Amino acid sequence: MTTTLKYQQNLATKLVNGILSIKPLANFAKTQARKMIIKRAEKIGIPWRQQVKELSKHNWDREWKVVNNPNLGYPKYYLTSFHAYEKGNMSWQAATEVEVASLAVHAGIWPEEGIGGDARLRQSFLDILKAEISTPKDVLDLGCSVGLNTFPLQKLFPEAQFTGVDLSPYFLAVALYRSQQQNLDINWVHAAAEATGLPDDSFDLISIFLVCHELPQFATRKIFREARRLLRSNGTIAIMDMNPKSEVYTTMDPHIFTLLKSTEPYLDEYFTLDIERELVDAGFEPPKIICNTHRHRTIIAIVV
């Protein structure tokens, strides 16, 4: 049975890659994927257009000036199309839609939860952290986006000092705005996760939530080594992401698989990455892997 599933996945991957190598077909797939997400959102009561309109009315000049590092160089892999946005994460459109898009995408994990699926997914990660690690003093959220993972983490560890790092100044501007609305003190840093510029041995916990599947393998390796540099003795890295071994992906309908891959350019690299070996090579103990949903896994590794 395992051999059959693997063969079907490889065959589907080759077919999809061939389709997406043709730019007009790739653009069509991205457009369809975006329409499907928005339709799903509004069907279950997510006010997609309304919330995006409200955020778009905000004058972002102040937040932008606070978070933006004008001297930062962007790695080439990052300046590509992600999530059906031609400019990827480097746009206000992407930044103002992250929250509603997350609600829509994660609503499908547990159909009975609907709009609550996103909160349940994040809580499943928090529950694992609470059970597996001691209370940290300093926490780093790598690839923090607009803070969707950072804020729940801070509620779990209210006494800790928090830092969020992201490459998109657009995302960080929204993160700053949301944190100020909640009176949360978070240090938002505009930097690459593989070269944060932060001091050695600064953190007890580093969280990487739904980031690795958006990276080429070489970037993931660099990020793991950067995390090792930043963590104190007995520090922990916690990674929550898609589970490549889940039958949800190995048996996915080719049409849906095509739409998914059109918005995730590095999915093949993530699905073929030996993440356990890479963590050990980066200086961590053999990791513990816990399935927190039928299609996600949490990986916990402690500094050697």
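1. In this note a residue is called buried when its relative accessible area is under 20%, exposed when that area is over 50%, and partly exposed in between. The model under discussion is predicted. By this cut-off, helix α6 has the following buried residues: G117, D118, L121, R122, S124, F125, L126, I128 and L129.

2. The overall composition may be stated next. The protein has 13 helices and 7 strands, and of its 304 residues 55% are buried. The exposed surface of the protein comes to about 14500 Å², and 53% of this area is supplied by carbon and sulfur atoms. When contacts in the protein between residues at least 6 apart in sequence are considered, 75% of them join residues at least 24 apart.

3. Helix α6 deserves a closer description. This helix covers residues 117–132, and its 16 residues should span 22 Å at 1.5 Å a residue; the C-alpha atoms at its ends are 23 Å apart, which agrees. What do the buried residues of α6 pack against? Their partners are the helices α5 and α7 (150–156), together with the strands β4, β5, β6 (288–291) and β7 (296–302).

4. Helix α5, one of those partners of α6, comprises residues 92–106. For its 15 residues the expected span at 1.5 Å a residue is 21 Å, and the end C-alpha atoms lie 22 Å apart, in agreement. The helix nevertheless contains a kink of about 50°, centred on V98. Helix α5 is mostly covered, with 11 of its 15 residues buried. V98 itself is among the buried residues of α5, as are its neighbours E97 and E99; A94, A95, T96, V100, A101, S102, A104 and H106 complete the set.

5. Strand β5 offers two residues whose surroundings can be listed. M240 is located in this strand and is buried, with a relative accessible area of 0%. Neighbours within four places in sequence aside, M240 is in contact with L121, F125, I208, F209, L210, N292, H296, R297 and T298. Of these, L121 and F125 are buried residues of α6. Between M240 and S124 the C-alpha to C-alpha distance is 9.8 Å, although 116 residues separate them in sequence.

6. T236 also lies in strand β5. With a relative accessible area of 7%, T236 is buried. If residues up to four places away in sequence are not counted, T236 touches I133, D204, L205, I206, L231, I300, A301 and I302.

7. Two backbone angles should be inspected. Most residues other than glycine have a negative phi. N234, which is not a glycine, has a positive phi of about 70°. This residue is placed in strand β5, residues 231–242. N234 is exposed, its relative accessible area being 62%. The second case is D201, with a positive phi near 50°. D201 occurs in the loop that runs between β3 (186–190) and β4 (203–209). Is D201 buried or partly exposed? At a relative accessible area of 48%, D201 is partly exposed.

8. The aromatic residues form a further group of features. In total, 13 aromatic pairs are counted. One of them is W60 with Y177, an edge-to-face pair with 5.1 Å from centre to centre and 80° between the planes. This pair links distant parts of the chain: W60 is in the loop between α3 (48–57) and α4 (61–67), whereas Y177 belongs to helix α8 (residues 169–181), and the two are 117 residues apart. W60 counts as buried, at 7% relative accessibility.

9. Another pair is formed by Y77 and Y266. Their ring centres are 6.4 Å apart and the planes stand at 75°, so the pair is edge-to-face. Because Y77 lies in the loop between α4 and α5 and Y266 in the loop between α11 (254–263) and α12 (267–271), the pair ties together parts that are 189 residues apart in sequence. Both Y77 and Y266 are buried.

10. Two remaining points concern tryptophan. W60 and Y177 belong to one aromatic cluster with W64, W92 and Y170. At W110, R120 lies over the face of the ring, at 4.1 Å from the ring centre.

Note on methods. Residues are numbered from 1 along each chain as its sequence is written. This is a predicted model: local features need pLDDT of at least 70, side-chain atom pairs count only at pLDDT 80 or more; totals for chains, interfaces and linings use all residues. Side-chain values use heavy atoms; hydrogens and water are left out. Helices (H or I, at least four residues) and strands (E, at least two) are DSSP runs, numbered from the N terminus. Buried means under 20% relative accessible area, exposed over 50%, partly exposed in between (1.4 Å probe, protein chains only). The expected span of a helix is 1.5 Å times one less than its number of residues. The bend at a residue is the angle between axes fitted to the seven residues ending there and the seven starting there. Rings of Phe, Tyr and Trp (its six-membered ring) pair if their centres lie within 6.5 Å; planes under 30 degrees apart count as stacked, over 60 as edge-to-face and the rest as tilted. A charge sits over a ring if NZ of Lys or CZ of Arg is within 6 Å of the ring centre and within 35 degrees of the ring normal. Contact means heavy atoms within 4.5 Å. Accessible areas come from the Shrake-Rupley method with a 1.4 Å probe; for residues, only the protein chains shown count as cover.
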